[in-house]
Amino acid sequence: MRRTALPAVVLVLGALLGACDGETVSFTDARALADGVTAAIDGKAAKFATDVTAGTMRSKSQGQARIAALAMTTDFLGEPLELRLIDKTVFAKVPESAREDVPGGKPWVKVSPNGADPFSQVAGGSIDQLAKQNDPGRALDQARRAGTLTESGRAELDGMSAEHYRLDIDMAALGGDLPAGLSAEALGELNGKLGKIPMEIWLDDARQPVQVVLDLAPVLAASGVPDAAMARIVTRYSEWGTQADIQAPPPEEIGEIPAG
């Protein structure tokens, strides 16, 4: 009789342990996810590395970030470019070969997608979005305002167990704060073909993001690019709580390129 009961007990215990092991997650909707993670990283900084892929084009960035502030270096258009984001203002370090265009040869300029200077007109929108998309607070705000949680569970990431969330981001609900360099005008030109784009977020045991993926393939598809083309932004975060001195450049080092 013991021989019959023992396997049954083992099976029951196994089922109970299996139900508790690795399947629980902290959040059940997008707003709770965004609010909870924002609270978990409030005041903390982390190192990050971002890989942007769009068809055959690829760009990498790295730096340090906290909510609404970052310092990063990226290979923008094949050239290293240093950027800082402080409270929604983006500063770019002008390459030495181009500083003759800045009065006084100052090394930093403000970059605006609506700027009248030649630098902003040529690359302002892309640089502005590139910096802001690496702000961990921005992805969370997009999830909060326009996200719908579609799936959640536990997953392994680089050998570590993590909470894994899949969301759909409603582009129309984002208003003018669109990801990845998209403008409201560009979105309008797609004539309603682009509704939602997928986002994935992985969290560590402290509810801190370790990876955020924004899938932009629907943007390419809506624009008529073949379905096989891949476009996504992958941002990896590490060492949350690291010491980081992220500040705007000194005022005396910030110049202004005359409007062209």
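Here's a quick tour of this protein chain, from model confidence to the sheet and the cavities inside. Keep in mind that the model is predicted, with an average pLDDT of 83 over the chain. Its twelve-stranded sheet is open, and two cavities of 30 Å³ or more turn up.

**How far to trust it**

- A pLDDT of at least 70 goes to 79% of the residues.
- Helix 2 (residues 30-41) has the highest mean pLDDT among the elements, at 98, while helix 1 (residues 2-20) has the lowest, at 43.
- Over residues 6-22 the pLDDT stays under 50, and the model has two contacts beyond four places in sequence for this stretch.
- Where pLDDT is low, the predicted coordinates shouldn't be read in detail.

**The sheet**

- If you walk across the sheet, the strands come in the order 7-8-9-10-11-1-2-3-4-5-6-12, and the pairing is mixed.
- Why do strand 7 (147-157) and strand 12 (254-255) each have one side without a neighbour in the sheet? They stand at the edges, so each has just a single partner strand.
- Strands of a sheet pair through backbone hydrogen bonds, and they can do so parallel or antiparallel.
- For an antiparallel example, look at strand 9 (residues 196-203) and strand 10 (residues 209-215), which are joined by five bridges.
- Glu200 sits opposite Val213 of strand 10.

**A helix lying across strands**

- Helix 4 (residues 136-146) lies across strand 2 (57-66), strand 7, strand 8 (160-170), strand 9, strand 10 and strand 11 (231-238).
- Against strand 8, helix 4 runs at about 55 degrees.

**The largest cavity**

- This one holds about 60 Å³ of space.
- Its lining is made up of Gln133, Ala139, Val212, Val213, Leu214, Ile233, Thr235 and Tyr237.
- At least two of the lining residues come from strand 10, and at least two from strand 11.
- Sorted by class, six lining residues are nonpolar and two are polar, with no charged ones.

**The second largest cavity**

- Here there's about 30 Å³ of space.
- Around it you'll find Pro136, Ala139, Leu140, Ile201, Pro209, Val212 and Tyr237.
- Which element gives the largest share of this lining? That's helix 4, with three residues.
- Strand 10 chips in with at least two residues as well.
- The lining of the second largest cavity has seven nonpolar residues and no polar or charged ones.

Methods
Residues numbered from 1 in each chain as written. Predicted model: local features only at pLDDT ≥ 70, side-chain atom pairs only at ≥ 80, totals over all residues. Heavy atoms only, no water. pLDDT = per-residue confidence, 0-100. Helix = DSSP H or I, 4+ residues; strand = E, 2+ residues; numbered from the N terminus. Contact = heavy atoms within 4.5 Å. Pairing = 2+ DSSP bridges. Axes fitted to C-alpha atoms, helices over the stretch in contact; angles between N-to-C directions. 1 Å grid on protein atoms, 1.4 Å probe; cavity = no way out; pocket = protein on both sides within 12 Å on 5 of 7 lines; lining within 4 Å. Points joined across faces, edges and corners; volume = space filled by probe spheres on them. Nonpolar A, V, L, I, M, F, W, Y, C, P; charged D, E, K, R; others polar.
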